[in-house]
Amino acid sequence: MNDLPLDLLINAADEVRLRQNLALVALGKRPATRAIRVGRLLDVNGRRWHDDQEVVVCGRRIAWVGPTGKYPGTVDERVDRSHLSAVPGFGEVHKHIESSHLTPEYEAALVLPHGCTWTCEASHEFSNVDGPHNLEFWLKARLAGSPMKIFPLPGSAVPPTAYEWGGGHFGYDEQRDFLSSQLMVAGLDEVMDWPAVWNPENPSYERLWGMIGATFEQRGVVEGHAAGMRAIDDINAFAAAGMASDHEAWTPEEVADKLRRGLFMEIRPHSLKEIIAGLLVDGQQDWSQFALCTDDRSCSDTIKLGATDHNVRLAIEAGLSPEIAIQLVTINPARHMRLTPWVGSIAPGRFADLVLLDDVATLSIAEVWADGEQVSQGRDYAKPVPPIDWPEWATQTVKIDREMTADDFAISAPAGRDTVQAALLRPFHWSDEFITTELAVADGQAQRDAARNITKFSIVDRFSGAGKTSAMFWLGTGPKTEDTALACSMGHDKHNIWVVGSSDAAMAKAVNALRETQGGWALVGRGEILATVRYEVGGLMTCRPAPELDLEMQALYRAGETIEWMYEPTFSPRWWPGFPERLAFATLTCAPWRWVLVAPSPLAPDGFVNVATGQTHPVVW
């Protein structure tokens with residue numbers, strides 16, 4: 001009975017059989033697979049350490065926990081780790097695995113040595129590329145034998161707004177089917193289109209409330225996204241609408257306001273230390289309504305910084321005890337996501353996931369165990385990565401059935417004009433109004449103005465095959481170097497191709513390079529392709545080990561150093577000079593964005609639209 005193949009995924013019928021067997025193993029009436037002896041064990045349910053403990057495992061699950069030598073049954077194998085301290089496997093309450101740019105089986109190999117054994121996948125990234133295969137995609141690595149537990153949350157932002165379209169469209173029916181088909185589906189991915197939630201006249205209102213309603217019906221969790229939300233009335237309305245959490249807070253004061261209105265606060269690394277230190281000064285004592293979350297982190301940054309363990313260390317540095325900080329990545333996110341029967345603590349019935357520490361104060365990880373087996377030694381992953389032959393629906397997602405040309409990026413001026421008025425955006429432009437400026441006209445086309453840091457930015461549809469293109473002028477970003485462009489198929493959250501360039505021909509060349517690689521990055525410099533990075537799965541990820549992808553990224557960065565990049569230092573503290581990688585996030589259309597550029601759509605024929613109001617405007621006039 002110990003090798004019952006029941007628990008790679010979680011479904012009700014198999015879960016009953018598995019639990020019936022675990023009860024008998026716990027009573028010693030059936031043999032266990034192994035017993036792991038540890039010097040200390042952290043009970044995160046009560047935040048207490050227990051000395052000289054044994055964790056008895058049956059298959060992939062824990063059957064019994066208690067003092068060494070007290071288990072009443074027999075075990076096939078005994079493992080002595082009495083020199084180490086055990087804490088539960090770390091979990092991510094909110095993460096986009098796609099942002100690692102690794103397929104799930106390779107992302108698991110990257111983060112498991114850092115203690116991360118389970119992830120709530122905020123899946124609107126791949127959902128927007130291929131919605132119909134979304135659940136199949138996220139369960140495939142687990143079914144192939146990966147020890148990482150992925151709990152998918154179907155994307156509410158599919159599409160992100162009513163002004164976008166593409167590879168997926170989720171509403172009530174889809175969410176109902178996701179939740180009813182598999183217990184590993186934990187709820188609804190972050191609800192980001194706040195104007196569509198509160199405003200019945202918004203064209204996405206019915207679709208979003210259909211998904212929210214289906215989630216309530218199945219007792220799932222409705223995750224929130226309250227970026228830029230500071231006003232008390234808005235926070236109250238957000239909580240009243242059923243949003244359970246927010247991971248977008250930036251200051252201790254904002255966190256306190258949202259916490260008071262019942263939101264579960266998921267704190268990201270960029271402001272983690274400031275938030276925790278500020279709350280401690282303010283007297284915060286109860287941390288049960290908090291979790292730490294990574295959200296987005298590339299494999300290159302994970303190699304440098306770490307994974308969930310990095311977040312925990314930041315929390316300890318900010319003043320939390322190691323025990324509380326560990327609760328924020330174990331029992332707290334598991335409780336919030338209603339996953340405590342399976343993850344979050346070292347307790348019977350849960351997956352046998354243990355992080356073994358040789359120093360608790362510094363969170364020094366000696367080993368990680370997942371599914372009852374050792375999966376890492378130090379920072380080295382100790383298991384084979386399961387081979388997955390990703391099908392064409394995952395690897396053929398850049399669908400542009402023609403060669404792009406410079407004409408696709410031209411912006412025509414009204415006839416007979418020497419100058420035009422032009423709409424400008426800039427990275428992370430959150431103002432109610434767009435910027436306007438006067439630009440010269442040559443050969444009937446509005447022109448860039450590099451002297452004023454004005455370049456051209458474009459979104460190319462990669463889903464229909466037609467390569468529909470919208471283009472406008474942006475301020476303070478992109479290349480000044482002549483005949484140069486940067487393109488990427490990862491553009492949150494719709495993930496059409498974005499391209500920025502100093503010439504239309506260079507922009508076309510960069511996009512055509514992505515047609516060949518099926519996604520990733522392409523840098524054209526002075527008319528020649530300088531570097532590409534391949535994201536052949538979904539146009540978002542690659543099916544390769546992290547070091548191999550990192551080598552390609554470093555080559556791209558080195559090529560980027562040969563280019564002169566535009567920069568406007570006064571615009572945003574989140575923007576910096578050099579290679580403009582963060583443009584992948586500048587295509588967001590959720591709050592607090594207003595005016596944005598999207599691929600041409602029925603409600604935004606030129607692509608320039610205010611997503612809060614639905615207002616459209618010409619890009620030149």
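Let me begin with a term: a crossing of two helices is called right-handed if the near helix is turned clockwise from the far one by less than a right angle, and left-handed if anticlockwise. What we have in front of us is a predicted model, and I would like to take two helix pairs in turn.

In the first pair, helix α5, which covers residues 172–181, and helix α7, which covers residues 205–217, have axes that come within 7 Å and cross at roughly 25 degrees. Because angles under 35 degrees count as roughly parallel, α5 is described as roughly parallel to α7, and the crossing in which α5 passes α7 is right-handed. On the α5 side the contact is made by Tyr172, Gln175, Arg176 and Leu179, while α7 contributes Gly210, Met211, Ala214, Thr215 and Glu217. Sorted by class, this contact of α5 with α7 comprises 4 nonpolar, 3 polar and 2 charged residues.

Turning to the second pair, helix α9, residues 252–260, packs with helix α10, residues 269–281, at an angle of about 70 degrees, and their axes are 8 Å apart. Since the range from 65 to 115 degrees counts as roughly perpendicular, α9 is roughly perpendicular to α10, and the crossing of α9 and α10 is right-handed. Here Pro252, Val255 and Ala256 of α9 meet Glu274, Ile275, Gly278 and Leu279 of α10, and by class the contact of α9 with α10 has 5 nonpolar residues, 1 polar and 1 charged.

To put the two side by side, α5 and α7 cross at roughly 25 degrees, whereas α9 and α10 pack at about 70 degrees.

Note on methods: Residues are numbered from 1 along each chain as its sequence is written. This is a predicted model: local features need pLDDT of at least 70, side-chain atom pairs count only at pLDDT 80 or more; totals for chains, interfaces and linings use all residues. Side-chain values use heavy atoms; hydrogens and water are left out. Axes are lines fitted to C-alpha atoms, for helices over the stretch in contact, and angles run from 0 to 180 degrees between N-to-C directions. Helices (H or I, at least four residues) and strands (E, at least two) are DSSP runs, numbered from the N terminus. Angles under 35 degrees count as roughly parallel, over 145 as roughly antiparallel, 65 to 115 as roughly perpendicular and the rest as oblique. Contact means heavy atoms within 4.5 Å. Ala, Val, Leu, Ile, Met, Phe, Trp, Tyr, Cys and Pro count as nonpolar, Asp, Glu, Lys and Arg as charged, and the others, Gly among them, as polar.
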